[in-house]
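Colleague: Got a minute? I'd like a quick tour of this protein.
Modeller: Sure, let me put it on the screen.

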Amino acid sequence: MRNKSLILMTICAALSTGLSAQSVYPGQHTGKMKKVTIAPIQVESFDLKDVRLLPSRFRDNMMRDSVWMTSIATNRLLHSFRNNAGVFAGREGGYMTVKKLGGWESLDCELRGHTTGHLLSAYALMYASTGSEIFKLKGDSLVTGLAEVQAALGNGYLSAYPEELINRNIRGTSVWAPWYTLHKLFSGLIDQYLYTDNKQALEVVTRMGDWAYNKLKPLDEPTRKRMIRNEFGGVNESFYNLYAITGDEHYQWLAEFFYHNDVIDPLKEQRDDLGTKHTNTFIPKVLAEARNYELTQDNDSRKLTDFFWHTMIDHHTFAPGCSSDKEHYFDPQQLSKHLTGYTGETCCTYNMLKLSRHLFCWTGDAKVADYYERALYNHILGQQDPETGMVSYFLPLLSGSHKVYSTQENSFWCCVGSGFENHAKYGEAIYYHNDQGIYVNLFIPSEVNWKAKGITLRQETAFPAAENTALTIQTDKPVTTTIYLRYPSWSKNVKVNVNGKKVSVKQKPGSYIAVTRQWKDGDRIEANYPMSLQLETTPDNPQKGALLYGPLVLAGESGTEGMQAPAPFSDPALYNDYYTYNYHIPAELNTTLQIDQKHPGHSLQRTGEELIFKTSQGNVLKPLYDLHHQCYVVYWDLIEK
């Protein structure tokens, strides 16, 4: 515990330092891309290094994440790679030398190595978010170890498992998802280069790309189609990014090689042909199309991406912004029948937020920002257990269920890997900019340094507990520009003051309030966003619904009855525990709510300054992100009051 405290103090001390890292969204990675975005865009992203979180629940999550990720020894993460390459030998299996990782990282799991890839990204993101050297050192040590393994393997291949798993995939014989795991390594090494300027990482990943090209170029079309039936994550997105960095058309060829006709072609025809496909196998393939559009201006890729995003948000998304049931699509007209203990795979939301960032850069559409906010608060923020820093695989929406958290040694699920990243990059979508001004999309305490204009914007707020946010301008000389304040679809009658004087707000919800003037040092904007209670019912059952306060999904406290140890944590002794979990829901659980459906605010009363609501029946409701270590109800059986 003392070591963890020292790590935390080291990170906190470095929060204000600068760096020269980049990212992979329009407006970023200047100087590191030989192939830049040529598609027309409306707004650009800030570099993650230019945004710093101020004290808040978001920064608390980030700090807990940072302690966990730095506590994992580099030698443990490299152990399976070194064994695969034959560069490690230890007495009696090395148990006195290296403590083995369990679960999906065990030496007999076909996905081993994926966590190392995620952590390469997470260390890079955390370095960009905080400036703390500890994350660069962790990333550097991993990259150095992986380079040694790659050199020993000899042909550019790099993985924690033998190349025979790739051969099995090519032959069409049973294997879990080898290209999925390689995608995490490709992505992590690229992030190490872009965010931390680790040139060795770029050398390693280009050798991996050369190996992949030599491996796949001779394959015929039937073999290609057979191979990509297996899950391959977003490896084609990584190849597009590698193509952008290097300009080498071999990597563009590789990205196009993984074009999945059976999945993408229906989207080109504007067909919602999702059926019961595996959701998180699907979304990354569209992310690759988004990158293809940005690099080539292929309008088919743009249209299908736009169609897919709106199809997902309008038809395949639950109230908290998550999607999928037992990781798969289902008939959205039967949504109320899919409120199970296995809804909301976190990786799906992770990838939908990535896709939303691309779409927002193209459109500047407030609807995209509205979705991002809802999914961020209700799913991602609440994925992490505030007591331990562990994270959940699913966001269960079965009444009486609870969040099931990972364990430190054995639960290296996919959503643990993406979870390392989720809580390291909260600063990435708060602000955007274009030639006309800066966009304030999220109400999160933070500072952004807009270097091109010589402005630092500091946002201070207690949102969502309070309806106000305040922005203070810091600048050495007066600057004329526009500040675009998001007018969320969940609010109305927004009030804006500049230096204490009222600004006329003519815009409507679902747009941006544009404040243009010459800004001087110390100028201050204050905005008030009234929040109200709303009811969101399922499309197939108007008597089944979730309550929202502003963008926040409220959940009813249901206590701990039925929870049996080791709940709320996964049991590593049980196979696929995250997928077969028994919630032991009490038979007498109350799921009914008397409510005035047209005026839900009449049926609940907020108590005090905290976000706690009570009904006349005695139900206590809180934001879903605050419900931990107990059962809850999100979708109620509604009775008209």
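Modeller: One term before we start. A residue is called buried if its relative accessible area is under 20%. And keep in mind that this is a predicted model.

Colleague: Okay. How many residues of strand E15 are buried?
Modeller: 5 of the 6 residues of strand E15 (residues 552-557) are buried, so the strand is largely enclosed by the rest of the structure.

Colleague: Which strands does E15 pair with, strand E14 for a start?
Modeller: Strand E14 (residues 541-549) pairs with E15 in the antiparallel sense, over 3 bridges. Tyr 549 has Leu 552 in E15 as its bridge partner. Strand E19 (residues 620-623) is joined to E15 by 3 bridges, and the two run antiparallel. Strand E20 (residues 632-633) pairs with E15 over 2 bridges, again in the antiparallel sense.

Colleague: What stands opposite Gly 556 in E19?
Modeller: Leu 621 does. In E20, Val 633 stands opposite Gly 556.

Colleague: And the turn between E14 and E15? How many residues are between the strands of that hairpin?
Modeller: The hairpin has 2 residues between its strands. Gly 550 in this hairpin takes a positive phi near 60 degrees.

Colleague: New topic: sheets. What's the strand order in the open sheet of 7 strands?
Modeller: The order is E2-E5-E6-E7-E12-E9-E10, and the pairing is antiparallel.

Colleague: Which strands stand at the edges?
Modeller: Strand E2 (51-53) and strand E10 (501-503). Each has a single partner strand, so one side of each is left without a neighbour in the sheet.

Colleague: How much are neighbouring strands turned against each other?
Modeller: By 20 degrees on average, direction ignored.

Colleague: Give me one pairing inside that sheet.
Modeller: Take E7 and E12. Strand E7 (residues 468-475) and strand E12 (residues 524-528) run antiparallel and are joined by 5 bridges. Leu 471 stands opposite Ile 525 in E12.

Colleague: What about the open sheet of 5 strands? What's its order?
Modeller: E1-E3-E4-E8-E11, with mixed pairing. Strand E1 (44-45) and strand E11 (511-519) are the edge strands, and each pairs on one side only. E8 and E11 run antiparallel, with 9 bridges joining them. Thr 480 stands opposite Gln 518 in E11.

Colleague: Which helix packs on that sheet?
Modeller: H15. This helix touches E1, strand E3 (431-433), E4 and E11. The direction of H15 makes about 35 degrees with that of E3.

Colleague: Now the rings. How many aromatic pairs does the structure hold?
Modeller: It holds 44. One of them is Tyr 342 with Phe 394, an edge-to-face pair. Their centres are 6.0 Å apart, with 80 degrees between the planes.

Colleague: Where do those two residues lie?
Modeller: Tyr 342 is in the loop between helix H14 (299-315) and helix H15 (346-363). Phe 394 is in the loop between helix H16 (366-383) and helix H17 (414-422), so the pair ties together parts that are 52 residues apart in sequence. Tyr 342 and Phe 394 are buried.

Colleague: Got a stacked one?
Modeller: Tyr 439 and Tyr 484 form a stacked pair, 4.4 Å centre to centre and with 20 degrees between the planes. Tyr 439 lies in strand E4 (residues 437-440) and Tyr 484 in strand E8 (residues 479-487), 45 residues apart. Tyr 439 and Tyr 484 are buried too.

Colleague: Any rings in a cluster? Which ones do ring pairs link?
Modeller: Among them are Trp 104, Trp 176, Tyr 342, Phe 394 and Tyr 579. Tyr 579 also has a charge over its ring: the charged end of Lys 326 sits there, 5.1 Å from the centre. Over the ring of Tyr 180 sits the charged end of Lys 184, 4.2 Å from its centre.

Colleague: Switching again. Is Ile 264 buried or exposed?
Modeller: Ile 264 is at 1% relative accessibility, so it counts as buried. It lies in helix H12 (residues 261-268). Leaving out residues up to four places away in sequence, Ile 264 touches Tyr 259, Lys 285, Val 286, Glu 289 and Leu 304.

Colleague: Last one: domains. What separates the centres of domain 2 and domain 3?
Modeller: 34 Å, taken over C-alpha atoms. Domain 2 covers 432-528 and domain 3 covers 533-640. For contacts, 5 residues of domain 2 meet 8 residues of domain 3.

Note on methods: Residues numbered from 1 in each chain as written. Predicted model: local features only at pLDDT ≥ 70, side-chain atom pairs only at ≥ 80, totals over all residues. Heavy atoms only, no water. Phe/Tyr/Trp six-rings, centres within 6.5 Å; stacked < 30°, edge-to-face > 60°. Helix = DSSP H or I, 4+ residues; strand = E, 2+ residues; numbered from the N terminus. Buried < 20%, exposed > 50% of the residue type's maximum accessible area, 1.4 Å probe, protein only. Lys NZ or Arg CZ within 6 Å of the ring centre and 35° of its normal. Pairing = 2+ DSSP bridges. Axes fitted to C-alpha atoms, helices over the stretch in contact; angles between N-to-C directions. Contact = heavy atoms within 4.5 Å. Domains from an automatic or database assignment.
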